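Reader: I'd like to go through some labels on this predicted model. For each one, tell me what earns it.

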Amino acid sequence: MKATHSPGLSGLFTNWTDEDDKAMQAAPQGAFDVATNSKGQRYFWFKCPGACASITAIALRPVVVDGSPPSWEWNGSTDAPTLTPSINHVGCWHGWLTDGNFTMC
């Protein structure tokens, strides 16, 4: 499944209105965005390519928040993103995002 940069996807979680909920549901699976929180931590937000089709965020390295959550390396590309290691969205999907493509393990 192709990863598609969707600027603003992460911003839908700021206000959480009914319109935001509709926009999240309308986003295609594989949509992603990158955002930085107020503490300076970058997150990779994506709509799961698995059956749950939920939107989730994973921390990108370097980790700057307390507690050192699991984190991923990102190649910095919004055209052909690559994350390492693999993504395990527990109970739904486990796979790789390489050169802009989500591939199940």
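Reader: How do you know that C48 and C92 are not bonded through their sulfurs?

Author: Distance settles it. The sulfur of C48 has its closest cysteine sulfur in C92, 3.7 Å away, and a disulfide needs the two within 2.5 Å. The pair is therefore too far apart for a bond. A search of the whole structure comes back with zero disulfides.

Reader: What makes C48 buried or exposed?

Author: Its relative accessibility is 0%, and buried means under 20%, so C48 counts as buried. C105 sits at 55%; the cut-off for exposed is over 50%, so C105 gets the label exposed.

Reader: Which label does S6 get, and why?

Author: S6 comes out at 18%. The limit is under 20%, so S6 counts as buried. You'll find S6 in the loop between β1 (4-5) and α1 (12-15). Leaving out residues up to four places away in sequence, S6 touches A31, F32 and D33.

Reader: Why is D33 called what it is, buried or exposed?

Author: D33 has a relative accessible area of 6%, and under 20% is what buried asks for, so D33 is buried. D33 lies in strand β2, residues 31-36. Its contacts, again not counting residues up to four places away in sequence, include H5, S6, P7, Y43 and W45.

Reader: What makes the pairing of D33 with S10 a polar contact?

Author: The side chains of D33 and S10 are joined at 3.0 Å, and the limit for such a pair of N or O atoms is within 3.5 Å. A polar atom of the D33 side chain also lies 3.3 Å from the backbone nitrogen of L9.

Reader: How do you know that E73 and R61 form a salt bridge?

Author: Their closest N and O atoms are 3.7 Å apart. The rule is within 4 Å, so E73 and R61 qualify as a salt bridge. The search of the whole structure finds one salt bridge. E73 lies in strand β5 (residues 71-74) and R61 in the loop between β4 (55-60) and β5, so the pair ties together parts 12 residues apart in sequence.

Reader: And why are E73 and R61 labelled as they are for accessibility?

Author: E73 has a relative accessible area of 39% and R61 one of 32%. Buried stops under 20% and exposed starts over 50%, with partly exposed in between. So E73 is partly exposed, and R61 is partly exposed too.

Definitions and conventions:
Residues are numbered from 1 along each chain as its sequence is written. This is a predicted model: local features need pLDDT of at least 70, side-chain atom pairs count only at pLDDT 80 or more; totals for chains, interfaces and linings use all residues. Side-chain values use heavy atoms; hydrogens and water are left out. Buried means under 20% relative accessible area, exposed over 50%, partly exposed in between (1.4 Å probe, protein chains only). Helices (H or I, at least four residues) and strands (E, at least two) are DSSP runs, numbered from the N terminus. Contact means heavy atoms within 4.5 Å. A polar contact is a pair of N or O atoms within 3.5 Å; within protein, one must be able to donate a hydrogen and the other to accept it, and residues adjacent in sequence count only if both atoms are side-chain atoms. A salt bridge is a side-chain nitrogen of Lys or Arg within 4 Å of a carboxyl oxygen of Asp or Glu.
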